[in-house]
Amino acid sequence: MTRPLDIAFFGSSLVSAYWNGAATYYRGMLRALAARGHRVRFYEPDAYGRQQHRDIPDPPWARVTVYPGDDAAAALRCVEEARGADLIVKASGVGVFDSLLESAVLALRAPTAQVVFWDVDAPATLARMQADATDPLRALVPDFDLVLTYGGGEPVVAAYLELGARGCVPVYNALDPETHFPVAADPRFEADLGFLGNRLPDREARVEAFFLDAAGRLPHRAFLLGGSGWQDRALPANVRHLGHVYTADHNAFNCSTRAVLNISRESMARCGFSPATRVFEAAGAAACLITDAWPGIEHFLEPDTEVLVAEDGAAVAAHLDALDPARARAIGQAALRRVLAHHTYAHRAAQVEALFEGADVAPGVREAV
């Protein structure tokens, strides 16, 4: 860009991935923007136990401000502190004071300051607004300079434009090769198939259908379940539950199982073009990935050569039963080559930078290159 941007970002948490699936996306995206010379300030609430479960210190590439999660005045003081930034971002799903922040940041718009809504769960946000004509965000959508989403493709773009958005551009998840990469196998995570994911209402039925069903079909295989919320769920005897797996252990987890399973939340799978951060974490570790089927997977990884795609638990079990170590390694290495060439956060940061240099933001899926 002609000059560095001063970016003020309001999100759920940059320093904690605890019940915060967006953390990897925020870190990769903002680290890459900082590497291009931009100044990053991140504002996050002390809420949901995240500060007590930090998995990184304040990073050198962003200034982190934590405000009390029960103090609206403190949140508004952070908004006032962001005044004068070149780019002010309000992300979806902060978890506290969302409506207050969405309204307040729009008061910072100026000829030299753009205010963006960055939706990290567009299917859920859109469903909420479409179901409730009085939803506070619905009336504000046309006031943002731009809506960015971390996935969704044409259906999400069309839905936001119908709500009056000035522009909507998907900026997909990606790989941060500085944090996710191949490591030596760790005996703690040895298994035939591993899955990482918190127990969420619109994911649990799909975990049952893809992961637990496959475990039931292959009682002689070892399955590993990481994530919060599963401790009181009855599991097959061949499934071992780990609880929350900190980000620092994700590489070891991905490199120690024969294959890693990605299961999209129901809304993401239905919408398509919504690869989870887990997809790129696994590919970055050269893990053999099996994913549930969703529209657009071939945009990111080539089925059968860079990823295995399954329509249900029976297909997951079939893939796993036929998977020998040599083929698993070949698929993982092919995935790693693909994401390093086309799907890193450096690629995404260049895309975002181009948008704010005045590049065309006409409706449509903006392909990552």
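Rings of Phe, Tyr and Trp (its six-membered ring) pair if their centres lie within 6.5 Å; planes under 30 degrees apart are stacked, over 60 edge-to-face, and the rest tilted. This is a predicted model, where local features need pLDDT of at least 70, side-chain atom pairs count only at pLDDT 80 or more, and totals for chains, interfaces and linings use all residues. Residues are numbered from 1 along each chain as its sequence is written, and side-chain values use heavy atoms, without hydrogens and water.

**Exercise 1.** Find which residues ring pairs link into a cluster.

*Solution.* Start with the count: 15 aromatic pairs. Then follow the links. They join Phe9, Tyr25, Tyr26, Phe42, Trp118, Tyr150 and Tyr345.

**Exercise 2.** Classify the pair Tyr172 and Phe300 and place both residues.

*Solution.* Step one: the centres are 5.0 Å apart and the planes make 85 degrees, which is edge-to-face. Step two: Tyr172 lies in the loop between β7 (168–170) and β8, and Phe300 in the loop between β12 and β13, so the pair ties together parts 128 residues apart in sequence. Strands are DSSP E runs of at least two residues and helices H or I runs of at least four, numbered from the N terminus. Step three: both Tyr172 and Phe300 are buried (under 20% relative accessible area, with exposed over 50%, partly exposed in between, and a 1.4 Å probe on protein chains only).

**Exercise 3.** Do the same for Phe195 and Phe211.

*Solution.* The distance is 5.9 Å centre to centre and the angle 40 degrees, hence tilted. Phe195 sits in strand β8 and Phe211 in helix α7, 16 residues apart. Phe195 is buried at 1% relative accessible area. Phe211 is buried at 0%.
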